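Biologist: I am new to this structure. Please take me through one part of it closely, then show me what else is worth a look.

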Amino acid sequence: MTKPLLEVRNLSKHFHSKSGLFKKSVHVTKAVDDISFQVMPGETLGLVGESGCGKTTTGRMLLRLIQPTAGQMLFNDGSKDLDLGQLHGDGLRRFRRHIQMIFQDPYSSLNPRMRVNELIAEPLQALEPELSRKEVEDRVRWIAEATNLKPEHLSRYPHAFSGGQRQRICIARALVVRPRLVVCDEPVSALDVSVRAQIINLLKDLQQEFGLTYIFIAHDLAVVENISTRVAVMYAGRIVELAETEKLYTRPAHPYTEALLQAIPTPDPFDRRDLAAIKGEIAEASNLPPGCSFHPRCEYCIERCTIEVPPLREIKDSQYAACHRAEEVVTGTAEPTAAVEV
Ligand code: SF4
């Protein structure tokens, strides 16, 4: 049986802040709260949810840009499982080439004073300092070609490029160290619609060519459907549904997933589905409602939902959902309840 490339167990990130007279009240913000998932080699796991749901914090913990409060992140480096949370110093530096990140904004993530060849070489020089100058140049040319950058682009500065081309440079920077796992944090949301498909197709081609594994973070479910093998839906710091892409998009088991899918805009100007999108605001991580965090917005809410936190459990055929009424939702038999507090 194939081992997961990454196994996340009970991962949490809680932020503590003090307020009030003499700063005596302590508020806990549960940005990510007890999430577990696996990522198999060669797959793309989509991580979706509204802004503030914890998906970016999760990605940043995997790269150790943020230290988790609790939990484990086990990365299989080919011979053993490394607990990423326990790496420090040289061990952490050596590990960094295995996981790289593509950031959302290709405008702010490139130093405007560096030429493209210097930008692409920078992570290589930091993470593989033993390479000779010639080896670095060869590797930069190799990844530039793989990401469809022309040789003449390498001597230019970032301002000479469009958003799509800049994102190719960011992808080249991430892949030049030959990582095994790439965390793509909203990589197309800052781009024109016309170039989004090009970048998604490039990411898919590179995945095939280099056997890459992706965690693809996005709020746009249409984009995630296009690239993901499986999808995890996050709400208020927790995973509320996890399933293969086709199952999740054709028969969602969680009311939040169902509502997100209904909110995907269509090309039809008379289709007003997006206006029927989810009621209310996302629950505040510093002030979560009791029971199911989604209950103030859920049209299927029953009394039990306001008291008891639903665990993430298998509903059917590796489809997991954290909902007391998931069986009814997935079969389309759940009847909306009368009052929904928003
Ligand atoms: Fe809605 Fe209850 Fe399911 Fe939460 S547990 S999503 S409130 S039906």
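Biologist: Which strand does Y320 lie in?

Modeller: A word first: this is a predicted model. Y320 lies in strand β12, which covers residues 319-321. Its relative accessibility is 29%. Buried would need a value under 20%, and exposed one over 50%, so Y320 counts as partly exposed.

Now look at the surroundings of Y320. Leaving out residues up to four places away in sequence, Y320 touches V240, E241, L242, L312, R313, E314 and I315. Take L242 from that list. Along the sequence, Y320 and L242 are 78 residues apart. In space, their C-alpha atoms are 5.1 Å apart. L242 falls within β10, residues 238-244. R313, E314 and I315 fall within β11, residues 313-316.

Step into the loop between β11 and β12, and you find D317. D317 is not a glycine, yet its phi is positive, near 45 degrees. D317 has 45% relative accessibility, so it counts as partly exposed. Another residue with a positive phi is N148, at about 65 degrees. N148 is not a glycine either. Its place is the loop between α4 (133-146) and α5 (163-175).

Go back to β10, because it also helps to cover helix α9, whose buried residues make the helix largely enclosed by the rest of the structure. Helix α9 runs over residues 255-262, and seven of its eight residues are buried. Those seven are P255, Y256, T257, E258, A259, L260 and L261. Besides β10, the cover includes α7 (221-227), β9 (230-235), α8 (245-250) and α10 (326-331).

P255 leads on to the ligand. P255 is one of the residues around the ligand. The others are H254, C292, F294, H295, C298, Y300, C305, P310, C323 and H324. By class, this shell has eight nonpolar residues, three polar ones and no charged ones. The ligand takes up the space of the largest cavity.

Several cysteines stand in that shell, including C292 and C298. C292 has 13% relative accessibility, so it counts as buried. C298 is at 8%, so it counts as buried too. What about disulfides? A disulfide is a covalent bond between the sulfur atoms of two cysteines. With sulfur atoms required to lie within 2.5 Å, the count comes to zero.

Notes
Residues are numbered from 1 along each chain as its sequence is written. This is a predicted model: local features need pLDDT of at least 70, side-chain atom pairs count only at pLDDT 80 or more; totals for chains, interfaces and linings use all residues. Side-chain values use heavy atoms; hydrogens and water are left out. Buried means under 20% relative accessible area, exposed over 50%, partly exposed in between (1.4 Å probe, protein chains only). Helices (H or I, at least four residues) and strands (E, at least two) are DSSP runs, numbered from the N terminus. Contact means heavy atoms within 4.5 Å. A residue is near a molecule or strand if one of its heavy atoms lies within 4 Å of it. On a 1 Å grid over the protein atoms alone, a cavity is a set of points where a 1.4 Å probe fits but cannot get out, and a pocket is an open set with protein on both sides within 12 Å along at least five of seven lines; lining residues have an atom within 4 Å of a point. A molecule sits in a cavity or pocket if more than half of its atoms lie within 2 Å of its grid points. Ala, Val, Leu, Ile, Met, Phe, Trp, Tyr, Cys and Pro count as nonpolar, Asp, Glu, Lys and Arg as charged, and the others, Gly among them, as polar.
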